[in-house]
Amino acid sequence: EELAALASGEEARRRLMPIVEAYGAWLDAQAKIEVDSDDRRATQAELLKQAEAARARIRSGIERLANDPEVFEAFRLANRAMAEAALRRSPDRYNAEKRPAWHLFQLAFLLLNIDGIADPKHPDRDNVELIFFPTGGGKTEAYLGVIAFTLLLRRLRGQSRPDKGLGVAVLLRYTLRLLTLDQLGRAATLMCALEMLRRERPEALGRERFAVGLWVGQSATANT
């Protein structure tokens, strides 16, 4: 909700850049850890290299928020939609004092993907991102945040796009049957939150509703 209330891209930069600074300080500490073999030193160096690349992407995403009004607005609205979806899905979990909040890795995941989503020619478009956490770690909210940002930016840019920001934008593939309905419910709640935003601002987000669909094979449900 705080990120949804940001007044400007410059305020977003000021509020978010401490993530980059803290990550850098943590990586400096990791680099000083002594390891006991050449193989482990090589692994340490490679992990630090990849982490520094992620840190640079987070910084670049924040800078794009500060410099691109459409990207900033999509980010702001995505945070609002995510907060609304959380409040609707788990009303007993929140109250006046306890509000929906990002885990730090979730927010960082969204920020490091901003460039690749916002710029079709950006080299990050070729990356496949992997979030590796046990069940319950928060992976779903991280990628739902990216989905919300993607859909909103498409709509905000609608008049400049040949497809007007419409059509199928995201495909979710669930390989574990038991998770399908749970994940559908969470995605559908977000789509409803996005649709409520669109109804408030049809001039900016379009006249066509946000929608979600589900395809299941015969082993998940009866074919009829």
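## Note on salt bridges, core and surface

1. **Glu129 and Arg57.** Glu129 has a relative accessible area of 28%, so this residue counts as partly exposed. This is a predicted model, and every remark below should be read with that in mind. Arg57 is the salt-bridge partner of Glu129, with 2.6 Å between the closest N and O atoms. The pair connects distant parts of the chain: Arg57 sits in helix α2, Glu129 in the loop between α4 and α5, and 72 residues separate them. Arg57 itself is buried, at 15% relative accessible area. The cut-off for buried is under 20%, so Arg57 falls on the buried side, while Glu129 at 28% does not.

2. **Arg57 and Asp124.** Arg57 also forms a salt bridge with Asp124; here the closest N and O atoms are 3.1 Å apart. Arg57 belongs to helix α2 and Asp124 to the loop between α4 and α5, so this bridge ties together parts 67 residues apart in sequence. What is the burial state of Arg57 and Asp124? Both residues are buried. Arg57 therefore deserves a look in the viewer together with its two partners, Asp124 and Glu129.

3. **Glu11 and Arg15.** Within helix α1, the side chains of Glu11 and Arg15 meet in a salt bridge, at 3.7 Å from N to O. Why can they pair within one helix? They are four residues apart in α1, which means a separation of about one helical turn. Glu11 is buried, with 19% relative accessible area; Arg15 is partly exposed, at 39%. Note that the limit for buried is under 20%, so the label for Glu11 rests on a value of 19%.

4. **More on Glu11.** What lies 2.7 Å from a polar atom of the Glu11 side chain? The backbone nitrogen of Ala7 does. The model has 24 salt bridges by the rule used. Among them is the Glu11 to Arg15 pair described above.

5. **The nonpolar core.** The largest nonpolar core contains 48 residues. Leu16, Phe75, Leu111, Phe149, Leu152, Leu190 and Leu194 have the most contacts inside it. Which elements give two or more residues to this core? They are α1 (9-31), α2 (38-67), α3 (69-89), α4 (104-118), α5 (139-156) and α6 (180-200). Helix α5 gives the most, with ten residues. As background, nonpolar side chains tend to be buried together in soluble globular proteins.

6. **Leu190 and Leu77.** Beyond residues up to four places away in sequence, Leu190 touches Ala81, Met82, Ala85, Leu144 and Ala148. Leu77 is in helix α3. Its relative accessible area is 2%, so Leu77 is buried. With the same sequence neighbours left out, Leu77 touches Leu152, Leu197 and Arg201. The C-alpha atoms of Leu77 and Leu151 are 10 Å apart, although their positions lie 74 residues apart along the chain.

7. **Gly145.** Is Gly145 in helix α5 buried or exposed? Gly145 is buried, with a relative accessible area of 1%. Residues up to four places away aside, its contacts are Ala78, Met82, Trp102 and Leu110. Met82 is also among the contacts of Leu190. Gly145 and Ile58 are 87 residues apart along the chain; their C-alpha atoms are separated by 15 Å.

8. **Arg198.** This arginine is found in helix α6. At 8% relative accessibility, Arg198 counts as buried. How are its polar atoms paired? The Arg198 side chain makes a polar contact with the side chain of Glu195, at 2.7 Å. A polar atom of the Arg198 side chain also lies 2.9 Å from the backbone oxygen of Gly206. Setting aside residues up to four places away, Arg198 touches Arg155, Leu205, Gly206, Arg207, Glu208, Arg209 and Phe210.

9. **A nonpolar surface patch.** Leu176, Leu178 and Leu179 form a nonpolar patch on the surface. Together they have about 320 Å² of accessible area. Leu179 lies in the loop between α5 and α6. Its relative accessibility is 34%, so Leu179 counts as partly exposed.

Definitions and conventions: Residues are numbered from 1 along each chain as its sequence is written. This is a predicted model: local features need pLDDT of at least 70, side-chain atom pairs count only at pLDDT 80 or more; totals for chains, interfaces and linings use all residues. Side-chain values use heavy atoms; hydrogens and water are left out. A nonpolar core is a set of buried Ala, Val, Leu, Ile, Met, Phe, Trp, Tyr and Cys residues joined through side-chain atoms within 4.5 Å. Buried means under 20% relative accessible area, exposed over 50%, partly exposed in between (1.4 Å probe, protein chains only). Contact means heavy atoms within 4.5 Å. A salt bridge is a side-chain nitrogen of Lys or Arg within 4 Å of a carboxyl oxygen of Asp or Glu. A polar contact is a pair of N or O atoms within 3.5 Å; within protein, one must be able to donate a hydrogen and the other to accept it, and residues adjacent in sequence count only if both atoms are side-chain atoms. Patches are made of residues with over 30% relative accessible area and no salt bridge: like charges are joined within 9 Å, nonpolar side chains (Val, Leu, Ile, Met, Phe, Trp, Tyr) within 5 Å. Accessible areas come from the Shrake-Rupley method with a 1.4 Å probe; for residues, only the protein chains shown count as cover.
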